[in-house]
Amino acid sequence: MAASAANTTVPKHSPFTSSFKSSIPTSKSFLPFSKIPRKLTSSRSLTISSFLSQPNSAAASVTPNASPESGFVSRYAPDEPRKGADILVEALEREGVKDVFAYPGGASMEIHQALTRSKVIRNVLPRHEQGGVFAAEGYARSSGLPGVCIATSGPGATNLVSGLADAMLDSIPVVAITGQVPRRMIGTDAFQETPIVEVTRSITKHNYLVLDVDDIPRIVSEAFFLATSGRPGPVLIDIPKDIQQQLAVPKWNQPLRLPGYMSRLPKEPNVAHLEQIVRLISESKRPVLYVGGGCLNSSEELKRFIELTGIPVASTLMGLGSFPSSDPLSLQMLGMHGTVCANYAVDKSDLLLAFGVRFDDRVTGKLEAFASRAKIVHIDIDSAEIGKNKQPHVSVCSDVKLALKGMNKILESKGAKLKLDYWAWREELNEQKVKYPLNYKTFEEAIPPQYAIQLLDELTDGNAIISTGVGQHQMWAAQFYKYKKPRQWLTSGGLGAMGFGLPAAIGAAVANPGAVVVDIDGDGSFIMNVQELATISVENLPVKILLLNNQHLGMVVQWEDRFYKANRAHTYLGNPSDESEIFPNMLKFAEACGIPAARVTKKEDLRAAIQKMLETPGPYLLDVIVPHQEHVLPMIPSGGAFKDVITEGDGRTKY
């Protein structure tokens, strides 16, 4: 039998959910409907309607989709016993896994031994388990396929926690596998024992403790199905060492045991509900699209919808690339560091079409003031998100792709009858674009960090896969690189995990051989997982690192400048005894790993330096020294509204 835990039905639930220990394996499930009535955020009298696609009755078990293993040939005879670890590896092969990011230890040695016997799966060895899980995320974010990471018990498993939380918040399909102490030692505080199922209960979509070797094929099938279906997310499988060593004959194609989860998966939206949304669009004078990470798989449908309606579109940080940034109808990013025109559009709109978004605080600011003049339509695959932060006037719980297809069909059939004309609205927004463009100041010969990203965009023709750490460089990369398509942009959005950029670039390079992959990083974020340079070197991955080095924790410094009278509270990352020198010397890290590197300090030398970085085969690190006084603008202070937007100033000004 297998002990399953965590929230199988809802990817997000309260962190205050109680957990308890029991000798009996338990399972928890939560209905995705709030029992607390919410008040309208607008004072106007409007009819509120909410549509949840009606699921068909689900059977108690479902046979998994056999497509990944079509034509699969096992290296074992059908009735030949093999170790549990070998069953696990074959189960991964049957799911179509080609690459894993696994770091060995005592409780996972058997899995690694089994991996050496696989002719299908390649292990890209990270130098830290956090690097492994972030690489698995980069793999998943850039390819759309589930990323797989493996770690040992105890500290190996706990080193995955930040990556699992990150995948949970950003809805990334990751399957994490951990070794565990033998079953008889669980609960005895054995060497390198941590109850990782309990530790990760609230930051995984689902997790398992395998207690029977015969359950491995079913659990792996369920894990991949859960990670990739509905709202994607991370799933953890914890496997005791004695289970890995036990001999057994596997039973493949076992039915999935997910009746509750299956019954709650949204189905196709009702056409009548979509027609109501189209009617609202036809009645609107100032509509705006607010699209997020839920639209990354619906880019073509979204582009067709915008073509049919002419509605301008603003993107969240996670939604960048779902619609081309350079398109005239793109308002680019909205939110705290979004463009003035995007935030203006939402503030002045009379209809907000929120597709695949969760009304995050970094987008909305003061909730009561966000889109306060607009009727709100919210389409999302996760019913828990609808009405969680902002009450919509019309909501549909469905896959955005299906909803867009349905609305496009309605729009195509009605054609000119709708008489959609938003020319005056678009002209008003274009005036805002001209009046408040994204720009930056100069610092004499010093290199403006935004200019470095603009040059990279120009020299890669906007086609590179970009990963980032977290901070100022992340926001500049979101603002100044013009993303053309989905899955070009890899960043830690909800969690904001520093150290994400370098390992995520590893995952992207593994998933996309031949692609140009650039980690735009800050010195603070970069050094948190600098050990992954060794992985890049050994695997000869063509990862380019554009390091915007300002010797500070730039975003925290910006807040110190604005709100703390520029009092520096441990945000200087250099050597206080010699501030004239760049410390640490990032070029030495690259040299230690055999990676070519260079440093550039003057604006006039930057173009040639980036060109050389891109033309050099294999990995390359370019250390770009930038001034720490620069601020990310525009900026709406936390909890503020559009009227509070800041568009001027930097660290050279006193506030």
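**Figure 1. Strand β12 gives the lining of the second largest cavity its largest share, 3 residues.** Welcome to the first close-up of this predicted model. Searching the whole structure turns up 3 cavities of 30 Å³ or more, and the second largest of them has a volume of about 60 Å³. Two strands, β12 (313-315) and β13 (330-333), each supply at least two residues of its lining. Val313, Ala314 and Ser315 are on the list of lining residues, together with Gly319, Leu320, Gly321, Phe323, Ser325, Ser330 and Gln332. By character, the lining of this cavity divides into 4 nonpolar residues, 6 polar ones and no charged ones.

**Figure 2. Phe134 and Phe500 form one of the aromatic pairs of the structure.** The structure holds 12 aromatic pairs. Here the ring centres of Phe134 and Phe500 are 5.3 Å apart and the planes meet at 70°, so this pair is edge-to-face. The two partners come from distant parts of the chain, 366 residues apart: Phe134 belongs to helix α3 (residues 129-143), while Phe500 sits in the loop between β18 (489-490) and α18 (501-511). Phe134 is buried, with a relative accessible area of 0%, and Phe500 is likewise buried, with a value of 0%.

**Figure 3. Tyr344 and Phe642 make an edge-to-face pair.** Their ring centres lie 6.1 Å apart, with 70° between the planes. Tyr344 is found in helix α12 (residues 340-348) and Phe642 in the segment after β22 (620-625), so the pair ties together parts that are 298 residues apart in sequence. Both Tyr344 and Phe642 are buried. While you are looking at rings, you may also like to find Tyr290, Phe359 and Phe370, which ring pairs link into a cluster.

**Figure 4. Arg94 and Lys603 each lie over the face of an aromatic ring.** Arg94 is placed over Trp252, at 4.2 Å from the ring centre. For Lys603 the partner is Tyr451, and the distance to the ring centre is 4.7 Å.

**Figure 5. Helix α17 (residues 472-480) is largely enclosed by the rest of the structure.** Why can we say so? Buried residues account for 9 of the 9 in this helix, so the surroundings largely enclose α17. Among them are Gln472, His473, Gln474 and Gln479, as well as Met475, Trp476 and Phe480.

**Figure 6. The side chain of Glu222 reaches a polar contact with the backbone of Arg257.** Glu222 has its place in helix α7 (residues 216-228) and is buried, with a relative accessible area of 2%. A polar atom of the Glu222 side chain lies 2.8 Å from the backbone nitrogen of Arg257.

**Figure 7. Cis peptide bonds precede Pro584 and Pro634.** Most residues other than glycine have a negative phi, and most peptide bonds are trans. The bond joining Phe583 and Pro584 is cis, with omega about -10°, and Pro584 is located in the loop between α21 (554-563) and α22 (586-592). Leu633 and Pro634 are also joined by a cis bond, with omega about 0°; Pro634 lies in the segment after β22.

**Figure 8. Gln192 and Glu444 have positive phi values.** Phi is near 55° for Gln192, a residue of the loop between β7 (174-180) and α6 (196-199). With 27% relative accessibility, Gln192 counts as partly exposed. Glu444 has a phi of about 55° although it is not a glycine. This residue lies in the loop between α15 (423-435) and α16 (449-459), and Glu444 is exposed, with a relative accessible area of 79%.

How values were computed
Residues numbered from 1 in each chain as written. Predicted model: local features only at pLDDT ≥ 70, side-chain atom pairs only at ≥ 80, totals over all residues. Heavy atoms only, no water. 1 Å grid on protein atoms, 1.4 Å probe; cavity = no way out; pocket = protein on both sides within 12 Å on 5 of 7 lines; lining within 4 Å. Points joined across faces, edges and corners; volume = space filled by probe spheres on them. Helix = DSSP H or I, 4+ residues; strand = E, 2+ residues; numbered from the N terminus. Nonpolar A, V, L, I, M, F, W, Y, C, P; charged D, E, K, R; others polar. Phe/Tyr/Trp six-rings, centres within 6.5 Å; stacked < 30°, edge-to-face > 60°. Buried < 20%, exposed > 50% of the residue type's maximum accessible area, 1.4 Å probe, protein only. Lys NZ or Arg CZ within 6 Å of the ring centre and 35° of its normal. Polar contact = N/O pair within 3.5 Å; in protein donor to acceptor, adjacent residues only side chain to side chain.
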